[in-house]
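Colleague: I am new to this one. Could you take a close look at the charged and aromatic side chains and walk me through their contacts?

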Amino acid sequence: MTQLNAALEERLVRYAAVDTQSDESSTTSPSTAIQLDLARMLEAELIRIGAQDVRVTDYGAVLATIPGTVEGGPVIGLLAHMDTAPAYNATGVKPRVIRGYNGGEITFPDAPNLRLTPEAAPYLAEKVGHDLITASGATLLGADDKAGIAILMTMAEQLLADPSIPHGTLRIAFTPDEEIGQGVDARMPVDLGVDFAYTLDGGAVGEIEYETFSADGAKVKVVGVSTHPGTAKGKMVNALHLAAKIIEMLPQATETPEVTDGRDGFWHITNMGGTAAECEMSIILRDFERDGLAARGEMLRKVCEAVAATEPRATITCQIKPQYRNMRYWLENDMTPVELARAACRAEGVEPLSVPIRGGTDGSRLTEMGVPCPNIFTGMQEIHGPLEWISVQDMAVATRVCLRLVQDAVPRD
């Protein structure tokens, strides 16, 4: 195993074991205090390897500077997020390394019936001989986005250890709460202080992404009339029944995540809870175009109004808030950061591929706030669930591409 591979493997295994799950119901920043456990670990590690201006901000981001070795050129930001998705259990992650994958099915010690196969995950078939990292089957792994953190930390360590590598000033940021759409605080563009940036938060080798969903989040609240069920005739209005009607009236055969792909948008209920008296639903709306997103919001409002009209004793409210917007709207006006990343890929023998992200990144918000920020691959696969895995060799390719990118960004004699 190369020294680069060993460093990446050790870091990802160490970071993944730290619980950093975010919580969209929280009102604090970061949304969970446990994210600060990793933030402080990363702060200490950055100081140890020689980074400058290292600090944890009031909003929970870790910031640091890698001083340039040459004058001129842009100041570049490099970001990865610390939190793991609330969508699946992320407590007690037990990372494991599968050395020299043999091409067969992968089983999991804590979930005997769980299988990861190249038939179900075709990208896996390309990784015969690679060293893979997975969790134990009871949790997600958290390579999304601790692989990005490991890549950036390993790159930073190499640059700081070898001042002969030409590069300009770099700013590193490890953010909280990306998974709940709150990874970029309003103060970050100024705190970061860069000309443009990249998130290390992508999938397959070669993916250089500059287009994401546009996203809104909706809270639908249903207030019914509560009475004792034994004497409820003509009196009770069951809030849960009305919520179920709302879900039933929304288009499910054509506009939910499980039946859409490519450039299709969707609506998706992420949480529903409450009682017969009162309940609340969280629904996310996604589309690549502004008009399509607005249409989904209007559809949801009309469904809520239609159900409310059937029962005047109930109160149904629908609040929709913006989350992030397609970064393409801004990046297509100046593709310099994208072209620089594509050139770095080609220089490392990797053909770049740009596909629309069926999700968002911190770069979506940063780009909207004036800091152009496309996304670079890490190798992560099957994220947000127990089958999540990543190739150490893919992470190494991402590290080399980043090293090439920062070198090529500086002026040459």
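Modeller: Start with Glu311, in what is a predicted model. Glu311 counts as buried, because its relative accessibility is 14% and the cut-off for buried is under 20%. Its partner in a salt bridge is Arg313. The closest N and O atoms of the two are 3.0 Å apart. Arg313 is a partly exposed residue, at 42% relative accessibility. So this bridge joins a buried acid to a partly exposed base.

Now take Arg328 and Glu332. Their side chains also meet in a salt bridge, with 3.6 Å from N to O. Here the burial is the other way round. Glu332 is the partly exposed partner, with a relative accessible area of 45%. Arg328 is buried, at 15% relative accessibility. Elsewhere, salt bridges with shared partners build one network. Its members are Glu10, Arg11, Arg14, Glu45, Arg48 and Glu157.

How many salt bridges does the structure hold? The count is 25. One of them pairs Glu211 with Arg263, and their closest N and O atoms are 2.6 Å apart. Why does this pair deserve a second look? Glu211 sits in the loop between strand E10 (208–209) and strand E11 (214–223). Arg263 sits in the loop between helix H5 (239–249) and strand E12 (266–274). The bridge therefore ties together parts that are 52 residues apart in sequence. Glu211 is also buried, because its relative accessibility is 7%, and under 20% counts as buried.

Arg263 has another contact. Arg263 lies over the face of Phe288, 5.8 Å from the ring centre. A second arginine sits over a ring as well: the charged end of Arg290 is 3.7 Å from the centre of the Tyr329 ring.

That brings us to ring against ring. A pair of aromatic rings is described by two things, the distance of the centres and the angle of the planes. The structure holds 5 aromatic pairs. Tyr123 and Trp389 make one of them, at 6.0 Å centre to centre. Their planes are 35° apart, and the pair is tilted. Tyr123 lies in the loop between strand E6 (111–116) and strand E7 (132–134). Trp389 belongs to strand E16 (residues 389–391). So the pair ties together parts that are 266 residues apart in sequence. Both partners are shielded in the sense of the cut-off: Tyr123 is buried at a relative accessible area of 14%, and Trp389 is buried at 1%.

Phe213 and Phe266 form another aromatic pair, and this one is edge-to-face. The centres are 5.4 Å apart and the planes stand at 90°. Phe213 is in the loop between E10 and E11, while Phe266 is in strand E12, so the pair ties together parts that are 53 residues apart in sequence. Both Phe213 and Phe266 are buried. Ring pairs also bring in Phe288, which makes a cluster of Phe213, Phe266 and Phe288. Recall that Arg263 lies over the face of Phe288, and that Arg263 forms the salt bridge with Glu211.

Finally, the record. In an unreviewed entry, UniProt lists residues 210–289 as "domain: Peptidase M20 dimerisation". In the model, that span is 14% helix and 36% strand. The C-alpha atoms at its ends lie 14 Å apart.

Definitions and conventions. Residues numbered from 1 in each chain as written. Predicted model: local features only at pLDDT ≥ 70, side-chain atom pairs only at ≥ 80, totals over all residues. Heavy atoms only, no water. Salt bridge = Lys/Arg side-chain N within 4 Å of Asp/Glu carboxyl O. Helix = DSSP H or I, 4+ residues; strand = E, 2+ residues; numbered from the N terminus. Buried < 20%, exposed > 50% of the residue type's maximum accessible area, 1.4 Å probe, protein only. Phe/Tyr/Trp six-rings, centres within 6.5 Å; stacked < 30°, edge-to-face > 60°. Lys NZ or Arg CZ within 6 Å of the ring centre and 35° of its normal. UniProt positions renumbered as here; feature names shortened; annotations may be inferred.
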